[in-house]
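Here are a few exercises to work through with the model open beside you. Try each one before you read its solution.

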Amino acid sequence: MEEHLPVLVVLVPMLAAPLCLLLRHRTAVTGFAIAVAWLTFAISVLLLLRVLDQGVISYELGGWPPPWGIEYRIDLLNAFVLILVAGIGAIVATWSPASISVELPRYERHYLFYTAYLLCLTGLLGITATGDLFNVFVFLEISALSSYVLISMGQDRRALTSAYQYLIMGTLGATFILIGIGLLYIMTGTLNMADMAVQLEGVRDTRTVLVAFGFFVVGISVKMALFPLHLWLPNAYAYAPSVVTAFLAATATKVSVYILLRFFFTVFGHEFAFGSMRLWVFLMPLALIGIVTASLVAIFQNNIKRMLAYSSVAQIGYMVLGISFASVNGLTGGIVHLFNHGLMKCALFLAMGCIVMRCGSVHIDEMRGLGRRMPWTMAAFVAAGLSLIGVPLTVGFISKWYLVLAALEQGLWPVAALVLLSSLLAAVYVWRVVEVAYFHEPRAVDGEGAITDAPLSLLLPMWALVIAIFYFGISTEATAGIARMAAESLLGTSP
Amino acid sequence: MADVLGLYNYWVVIVLMMTGFYIVVARDNLIKKIIGLSIFQTSVFLLFITVGKVEGGTAPILAEGFDVYSNPLPGVLILTAIVVGVATTAVALGLVVRINEEYGTIEEGEIHVQDVEA
Amino acid sequence: MKRQSIPRVAAKLLIPYILLYAFYVQWHGDYGPGGGFQAGVIFAAGVILYAIVFDLRACQRALSPRIIHLLMPLGLLLYIGVGVAAMLKGGTFLNYSVLEHDPVHGQHLGILLVELGVGTTVAGVMISIFYSFGETVRS
Amino acid sequence: MATAVRIARLRGLFSAAIVAGIYSLLGACWMSVLDQPDVAFTEASVGAGISTVLILVTLSLTTSEEKEPEHTPLLPLIVILITGAVLVYGTIDMPRLGDPDNQVHRHVAPRYINESPHEVEVPNLVTAVLASYRGYDTLGETAVIFTAGIGVLILLGGARRRRWVAGEDRE
């Protein structure tokens with residue numbers, strides 16, 4: 001079974017989704033989905049260990065060698081992303097039962113929710129594992145379609161319109177990606193990424209490849225909500241059920257960033273993407289403007305979920321900034337931030353979910369005095385918030401450290417200054433919540449009994465994430481070490 | 001001149017593609033946007049299919065008396081993409097029906113007005 | 001359209017052939033154009049025609065939503081099942097060659113089953129989507 | 001072809017839906033001219049069949065007239081023109097239609113055409129590639145369709161919605 005690990009990590013949730021539909025029974029489906037999510041996580045851990053042990057794993061689906069068949073190609077980078085996605089998937093699944101019974105009370109058929117959830121997980125894992133460009137498109141659509149539906153399950157009717165808006169933008173993005181893939185296929189005659197890198201040699205400078213490159217990058221930027229193509233994101237995250245927000249915020253955009261990395265460095269090679277294309281000329285300013293603008297907008301949001309969503313847009317900026325340095329430190333920063341931000345955003349949105357469950361809303365006025373009412377939830381929020389700011393001992397510090405290092409290395413001290421400045425902005429918006437929660441009097445209780453802390457079944461998964469934030473913040477070898485090795489292999493500087 | 005003729009097909013496809021794209025971006029009506037989206041996608045499919053053609057070739061089904069076949073791969077990719085397209089359309093229409101139930105309109109502008117008032 | 005006799009008679013004549021044609025396309029995909037996806041769509045089209053001309057309720061009595069909801073996952077499971085069977089027999093996922101002693105026979109068997117899986121899911125989903133929309137119209 | 005699309009700008013959504021169906025059908029014809037009967041077959045049954053039926057049903061549930069747009073579509077027009085221009089620019093270096101020396105026909109495809117008669121022994125090459133060589137894509141495609149089915153069930157599932165209306169007065 002050992003050699004089937006690469007496909008099993010995608011196959012297990014994909015197989016489980018239709019089974020959920022057949023099981024139907026509510027408790028059974030819930031337990032089954034959680035078990036499946038943890039099994040997937042276990043497989044992804046095994047996979048990473050195997051990659052560390054043996055190097056790149058290639059798996060020929062259907063027994064046809066690439067480029068004729070489809071290949072799963074697992075190296076350090078995607079094994080790392082797989083762990084993030086599967087891990088978040090497992091934790092959020094464990095967290096979900098109590099929350100959806102409060103947030104989706106009108107849904108009788110919870111098994112449909114879990115089917116869609118597992119399909120979304122399948123899609124995201126499939127994108128990450130594959131070594132075939134067209135296969136990326138197919139799995140992108142699995143995850144996209146299921147996330148539109150998951151978002152539309154939100155209680156507010158605006159969830160429907162934001163899901164629609166996301167659907168239109170997401171499909172346009174996917175079609176742009178498809179055009180890009182098509183043009184590349186015309187020029188190279190292949191769809192396998194590794195093979196395409198070889199075939200591109202002769203035609204790299206043609207106008208068609210240039211246009212293909214452009215379309216692919218624009219399409220993927222929509223998917224990962226790179227400023228200024230982020231318009232779908234704040235609404236979608238704000239009105240989706242908390243479970244869905246926590247899951248998507250930590251995984252969907254990260255997977256898109258991963259494809260971008262793959263595309264720049266594996267398919268095109270960094271000499272083309274950053275040498276002759278001068279891509280950093282576009283990417284770096286966009287990333288910086290994105291970081292600053294989105295952080296500023298976040299400060300003025302009263303809906304905390306929306307505030308965190310804008311903060312996500314800013315954080316995507318950090319990752320792209322790291323990529324645009326195209327140096328080992330920059331890439332390490334980008335990759336490690338991808339992982340770290342997944343952890344902390346997930347923890348923050350889970351905390352929001354607990355608050356929604358107890359208070360019914362995440363408007364900033366509702367949060368008055370919550371520090372005393374829900375001490376454990378708010379403590380988790382503060383811990384993850386500190387990490388968002390980038391305080392030492394948390395994971396947020398590690399990624400910013402690498403980013404600043406990379407900026408200084410290239411003599412771009414204004415960029416480094418901007419990164420630090422934006423940390424101050426993050427501090428402002430996190431502080432707003434802290435101030436309200438800890439230093440304001442609790443709202444007058446309107447007869448319904450005092451608000452108590454969230455139940456243990458919600459607190460435990462959330463605190464697991466908080467512990468991970470500190471653990472990986474203190475012992476950096478695991479995450480930053482792997483990210484560094486991945487960065488080196490992307491840049492071709494390691495054997 | 002032969003050069004231009006060889007590219008003519010692509011250009012027609014691009015005009016179609018942009019018409020679909022235009023409908024998506026410029027129109028306020030939610031259903032019209034979906035129609036535009038499917039036109040946009042269909043024309044991208046045509047682009048792929050155009051690529052597969054081989055001069056003097058025949059459909060990629062093996063039979064006696066033919067030697068030159070068109071490329072089967074674009075056809076396969078587009079079969080998959082068509083399925084993806086119809087799946088998206090179905091979900092989008094489902095959303096529109098729900099939006100209409102909740103808001104009583106399918107015009108983007110009017111929905112926006114309702115959201116601001118709320 | 002319940003009381004108009006021309007569409008009713010025409011539909012009664014056509015629907016059996018549409019369904020039959022769906023099966024032809026399903027099994028003949030190896031030799032001519034067609035395959036599981038097209039067969040599923042044609043099958044669903046036949047059912048949808050029935051529902052439009054006669055009545056959605058009558059259609060759902062003949063082909064209950066419960067069965068349709070079973071068809072959707074079963075097709076996908078069949079597809080994955082073929083892949084897993086290949087894995088158990090020592091090949092990689094979806095390697096049909098190991099399904100039988102002769103690789104070519106294995107390929108034939110694999111393709112046949114997989115196309116059947118696609119057809120089942122597609123027919124199920126298309127009919128289910130139409131039922132959902134139709135029920136919304138009715139209520 | 002281009003005229004078909006021009007008509008799709010009609011204000012009446014009903015006719016727009018029908019014209020979109022016709023457009024799909026014409027697209028299918030074009031595809032079969034380009035030697036892809038399989039795709040043409042699918043496009044005809046999906047684009048002109050299922051999609052059109054679904055759009056018509058949706059129209060019967062909503063409204064069939066589009067309102068006048070409030071703003072002038074100048075910005076979208078610019079976006080479109082730029083995108084189109086970029087694409088045309090990209091085509092200049094593209095291989096010519098039908099040229100058998102194109103990279104597309106030289107690199108991966110020959111194996112499908114030359115070897116599959118021995119390896120798979122299925123006369124319809126599209127089926128061979130679809131179900132065997134790229135079978136995993138087709139599995140993904142089936143999963144996409146399955147997702148759409150689940151999605152519509154979640155969105156329009158009958159039992160749930162009545163509760164939605166009942167619960168509305170609480171908010």
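**Exercise 1.** In which strand of chain A does I74(A) lie? Then work out whether I74(A) is buried or exposed.

*Solution.* Keep in mind that this is a predicted model. Start with the secondary structure: I74(A) sits in strand 2 of chain A, which covers residues 70-74. Next, count neighbours. I74(A) has 25 C-beta neighbours inside 10 Å, and the cut-off for buried is 20 or more, so I74(A) counts as buried. Now look at who surrounds it. Setting aside neighbours within four places in sequence, I74(A) is in contact with P6(A), L47(A), V51(A), V56(A), I57(A), A79(A) and A129(A). Finally, try a distance: I74(A) and S58(A) are 16 residues apart along the chain, and their C-alpha atoms are separated by 6.4 Å.

**Exercise 2.** Do the same for V218(A): which helix of chain A holds V218(A), and how does V218(A) count by its C-beta neighbours?

*Solution.* Find the helix to begin with: V218(A) belongs to helix 8 of chain A, residues 207-224. Then count again. V218(A) has 19 C-beta neighbours inside 10 Å, so V218(A) counts as partly exposed. For a distance, go to G63(A), 155 residues away along the chain: the C-alpha atoms of V218(A) and G63(A) are separated by 34 Å.

**Exercise 3.** Which residues touch the most other members of the largest nonpolar core? Pick C346(A) and list what C346(A) is in contact with.

*Solution.* This core has 359 residues, and those touching the most other members are V9(A), F80(A), C346(A), A347(A), I469(A) and V91(B). Where does the largest share of the core come from? Helix 6 of chain A (residues 158-188) supplies it, with 20 residues. Chain D takes part too: domain 1 (1-66) and domain 2 (124-171) of chain D each give at least three residues to this core. Now zoom in on C346(A). Leaving out neighbours within four places in sequence, C346(A) is in contact with I88(A), I91(A), V92(A), A246(A), A249(A), A250(A) and L465(A).

**Exercise 4.** Describe the interface of chain B with chain D: how many residues of each chain are in contact?

*Solution.* Begin with the totals: 66 residues of chain B are in contact with 76 residues of chain D. On the chain B side, the elements giving two or more residues are helix 1 (2-26), helix 2 (30-52) and helix 3 (72-103). Helix 3 of chain B makes the largest share, 22 residues. Sort the chain B side by class and you get 41 nonpolar, 18 polar and 7 charged residues.

For a second interface, try chain C with chain A. Here 12 residues of chain C are in contact with 13 residues of chain A. The chain C side has 8 nonpolar, 4 polar and no charged residues.

**Exercise 5.** At what angle do helix 2 of chain B and helix 3 of chain B cross?

*Solution.* The two axes come within 10 Å and cross at roughly 180°. That makes helix 2 of chain B roughly antiparallel to helix 3 of chain B. The residues of this contact split into 17 nonpolar, 6 polar and no charged.

**Exercise 6.** How many helices and strands does chain D have?

*Solution.* Walk along the chain: there are 9 helices and 0 strands in chain D. For burial, 52% of the 171 residues of chain D count as buried. Lastly, take the contacts in chain D between residues at least 6 apart in sequence: 34% of them join residues at least 24 apart.

Notes. Residues numbered from 1 in each chain as written. Chains lettered and ligands numbered in written order. Predicted model: local features only at pLDDT ≥ 70, side-chain atom pairs only at ≥ 80, totals over all residues. Helix = DSSP H or I, 4+ residues; strand = E, 2+ residues; numbered from the N terminus. Buried ≥ 20, exposed ≤ 12 C-beta atoms within 10 Å, placed from the backbone. Contact = placed C-beta atoms within 7 Å. Nonpolar A, V, L, I, M, F, W, Y, C, P; charged D, E, K, R; others polar. Core = buried A, V, L, I, M, F, W, Y, C linked by C-beta atoms within 7 Å. Domains from an automatic or database assignment. Axes fitted to C-alpha atoms, helices over the stretch in contact; angles between N-to-C directions. Parallel < 35°, antiparallel > 145°, perpendicular 65-115°, else oblique.
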